[in-house]
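Hi everyone, thanks for making time today. I'd like to walk you through a structure that will be new to most of you, so let's put it on the screen.

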Amino acid sequence: ALPIFLTKNLEAPDSTRKFAEKNLTHMAMCMPTKSMSDPDYYAYCLIQTLMGGGTSFSSGGPGKGIHTKLFQEVINREGWLHGIECLTGWFQCGGLVGLYGQCPHEWNSHLHRCMLFQLASMSQRVTDKELVMAKNQLISQLVLLGESREMIVEEMGKNLLLHDYITTSEELLNGTQNVTIDDLHRACKEAIYGKRMAYAVYGNLDRLPNLTDTEAALQTLFKKLN
């Protein structure tokens, strides 16, 4: 297991100084998942598509993900929120799925509770119609990637580095189409009750629970909601 270092005198890198410009607290909660070579990879990709997210103001016109769960249940309802989005990351030894959000410092505890609820219910309140819509959106993105040779080469390189195998377009399409709502429920449960979650905050730390309490609250809430 990796060692855990706790210190109150941790100095943030220079790259985080830009966060202070908007006077916001930034928070991330992520759970370890399986790698890209596992069939559940497609379930986590669809979870990210279903959750979506963004900021309270995003230039570029309407229709950019406003049908997703985080827009409908959080961004469009909570005036204090600056932004929240679902994120995934893939590595050779596994992956990550979770949420990243920002809010004014005085609303940090509200953001914490909001993110816990959304994480605990990622696979809940999803209809068959919404799952089909998420599949179509994800497949269309995969098709668009195939129209650029630069993107194809980049994806091939990433696949070789991560699991020494190039996933074909047919495998991506079939893997996405075969995911069911039951698969989403099972994948979320495995992520929440799997390895220890990652929890990071930059900004106001007042009134926020520590990692152990946050993880326990997430698992308790998941049992209650599921």
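**Strands, core and pocket**

Let's start with a pair of strands: E1, residues 24–33, and E4 run antiparallel and are joined by 10 bridges. Before going further, please keep in mind that this is a predicted model. If you would like a place to rest your eyes, find Thr-33, which stands opposite Gly-95 in E4.

E4 also has E3 as a partner. Those two strands pair in the antiparallel sense as well, over 9 bridges. Here you can look for Gly-83, which stands opposite Gln-102 in E4. E3 and E4 form a hairpin, with 2 residues between them.

How many residues of E4 are buried? Strand E4 covers residues 94–104, and 8 of its 11 residues are buried, so we can call the strand mostly covered.

That brings us to the inside of the protein. The largest nonpolar core holds 49 residues, and those with the most contacts inside it are Met-29, Met-31, Ile-84, Leu-99, Leu-184 and Leu-218. Which element gives the most to this core? That is helix H1, residues 40–51, with 9 residues.

Let me pick out Met-31 from that list. Leaving aside residues up to four places away in sequence, Met-31 touches Gly-95, Leu-96 and Val-97, along with Leu-119, Met-122, Ala-191, Ile-192, Met-197 and Leu-218.

Met-197 comes up again with another residue, Glu-215. With the same sequence neighbours left out, Glu-215 touches Lys-195, Arg-196 and Met-197. You will find Glu-215 in helix H8, residues 211–225. Is Glu-215 buried or exposed? Its relative accessibility is 15%, and the cut-off for buried is under 20%, so Glu-215 counts as buried.

Now for some empty space. The second largest pocket has a volume of about 680 Å³. It is lined by 27 residues, and the closest to its centre are Tyr-41, Leu-142, Leu-145, Glu-155 and Leu-172. The elements that give two or more residues to this lining are H1, strand E3 (83–91), helix H4 (128–145), helix H5 (149–163) and helix H6 (169–177). H5 gives the most, with 6 residues. What is the lining made of? It divides into 15 nonpolar residues, 10 polar and 2 charged.

One last link before you explore on your own: H1, the helix that gives the most to the largest core, is also among the elements lining the second largest pocket. Thanks for listening!

Note on methods
Residues numbered from 1 in each chain as written. Predicted model: local features only at pLDDT ≥ 70, side-chain atom pairs only at ≥ 80, totals over all residues. Heavy atoms only, no water. Core = buried A, V, L, I, M, F, W, Y, C linked by side-chain atoms within 4.5 Å. Buried < 20%, exposed > 50% of the residue type's maximum accessible area, 1.4 Å probe, protein only. Helix = DSSP H or I, 4+ residues; strand = E, 2+ residues; numbered from the N terminus. Contact = heavy atoms within 4.5 Å. 1 Å grid on protein atoms, 1.4 Å probe; cavity = no way out; pocket = protein on both sides within 12 Å on 5 of 7 lines; lining within 4 Å. Points joined across faces, edges and corners; volume = space filled by probe spheres on them. Nonpolar A, V, L, I, M, F, W, Y, C, P; charged D, E, K, R; others polar. Pairing = 2+ DSSP bridges.
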